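Here are a few short exercises to work through with the model open beside you. Try each one before reading its solution.

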Amino acid sequence: MNDTTAQARFSFTALANPTRYLSYSGKILPWLGGLSALLLIVGLYMAFTAPEDYQQGITVRIMYVHVPAAWLAMMGYMVMAVSALGTLIWRHPLADVSIKAAAPIGAAFTFLALATGSLWGKPMWGTWWVWDARLTSMFVLFLMYLGVIALQRAMDDPVKAARPVAILVLIGTVNIPIIKFSVDWWNTLHQPAAVFRMDGPTIDPSLLWPLLIMAVGFTALFFFLHMVAMRTEIWRRRIASMRRASAREQRSTARPVLAE
Amino acid sequence: MTALILRDIRLGLRAGGGMLIGILFFLAVIAVVPFGVGPDLNLLGRIGPAILWIGALLASLLGLDRLFQADREDGSLDILILQGHEHPLALTVFAKCVAHWLTTGLPLVIVSPALGLLMNMQPAAILATSATLLAGTPAITFIGATGAALAVALPRGGLLVSVMVLPFVIPVLIFGVMAAYGAVENPAPFTQPFLLMCALTLFFSVLGPFAAGAALKASSD
């Protein structure tokens, strides 16, 4: 492929070159970080000044962290699933870096959603945890994130680990619709979806706006962290291959006879 | 394909007694429960189906890493993968799963009624639990095949297989136990969760071999 044409149009194929990716992401990174910081500050301010719920009182403010974290937990897995397709179909060299970077972030958001949900459940439901469909499927999502991380860590060579990890991620995708529709399919203690509905959101605008701003802020934060982690991973792999190369060189200069 | 199933069954019956270890492990798990929760026969009878299911689940997970490991060690796995242009690899994996289930899963189902007696379960509950195990354990094998194929290249993949596979078998466990209780407790339905579990088994019997085939191919190049 001609280098100038690839640079002319911004595409995923153009990003396949790690150096080009590093230069692009280096430019975007400060803006993305600033955007997420700004949105989170505004969102948190709005969340604390928003009116309290007439039934739940002040605990409704947990929602502004809990709901975006849960959305991001699922979105993180979808990012991994798309990257897995990239690894398996197009053999995109950065797709498996993307999976490796997204897995711990997604696991952290899932844990955040579970922990805040648990804190919210204690005053509202009277219990820290119930085994209903939504909570169980989120817990399964958390376990799947950990399984992906465990498989990645179990293999020394990241290039060899790419395809098995991608296959595992794709199989796990069957859980995502189960989480989404668990509140509709089963009778659960968890309330059904209130924002993304066919007949419009059922939340009052005074509560909805801070929630949406927090959600966009969390999304920007996710992609910011994802980009930082991907850059770190690319540099880590470069350092590892440089170390290997220099070790080979040293050995061949130290013992030229044995190296033959 | 039939030849492969017969070969694997013969190997499974002969080499190393993997089948016997699975049954013994199942027995040990069931025997530990009364020590843990106390020998209250009413309580044991009530939680019996769930305990039998968990025991069978753990026992089937135990044998999973042997599914491809033995073949990899003596090199026949490479031959099976290379034959991929004659028989689709997914079909080969399916045959291996069937043989593996016949040698490790089916014996667990057969001994489960005897263990149900140890748990002081009613006859209807024993029958229902065995029926759900019969329909549900193949799903565990098919999902597990994927995990085993992903971990086949690793030196100590055994524990990793269980960690990776467990999240996926939770739905099977839920519907299996639900159906087993549905047969005993009156308001709870039996047919509906049982059919859902059969659907899961069929679903994974397609998805599992395909994913395992892809993973095996990826591990060989």
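**Exercise 1.** What pLDDT does chain A average, and what share of the residues score at least 70?

*Solution.* Keep in mind that this is a predicted model. Begin with the mean: chain A averages a pLDDT of 81. Next comes the share, with 85% of the residues scoring at least 70. Then look at residues 1–8 of chain A, where the pLDDT is below 50. Beyond near neighbours in sequence, that stretch has 4 contacts in the model.

**Exercise 2.** Describe the fold of chain B, starting from its secondary structure.

*Solution.* Count the elements to begin: chain B has 9 helices and 0 strands. Along the sequence, its pattern reads α-α-α-α-α-α-α-α-α. Chain B is as compact as a globular protein of its length, because its radius of gyration, 18 Å, is close to the 17 Å that the globule rule gives for 221 residues. Along the principal axes, the C-alpha atoms of chain B fill a box of roughly 55 × 35 × 30 Å. Now turn to packing: 48% of the 221 residues of chain B count as buried. Finally, take the contacts in chain B between residues at least 6 apart in sequence; 81% of them join residues at least 24 apart.

**Exercise 3.** Which elements of chain B give two or more residues to the side that touches chain A?

*Solution.* Start with the tally: 15 residues of chain B are in contact with 13 residues of chain A. The elements asked for are helix H7 (123–150), helix H8 (158–184) and helix H9 (191–220) of chain B. Sorted by class, this side of chain B has 13 nonpolar, 2 polar and no charged residues.

Terms used
Residues are numbered from 1 along each chain as its sequence is written. Chains are lettered from A and ligands numbered from 1 in the order in which they are written. This is a predicted model: local features need pLDDT of at least 70, side-chain atom pairs count only at pLDDT 80 or more; totals for chains, interfaces and linings use all residues. Helices (H or I, at least four residues) and strands (E, at least two) are DSSP runs, numbered from the N terminus. The radius of gyration is taken over C-alpha atoms; the globule rule is 2.2 Å times the number of residues to the power 0.38. A residue is buried if 20 or more other C-beta atoms lie within 10 Å of its own, exposed if 12 or fewer, and partly exposed in between; C-beta atoms are placed from the backbone. Two residues are in contact if their C-beta atoms, placed from the backbone, lie within 7 Å. Ala, Val, Leu, Ile, Met, Phe, Trp, Tyr, Cys and Pro count as nonpolar, Asp, Glu, Lys and Arg as charged, and the others, Gly among them, as polar. pLDDT is the predictor's confidence in each residue, from 0 to 100.
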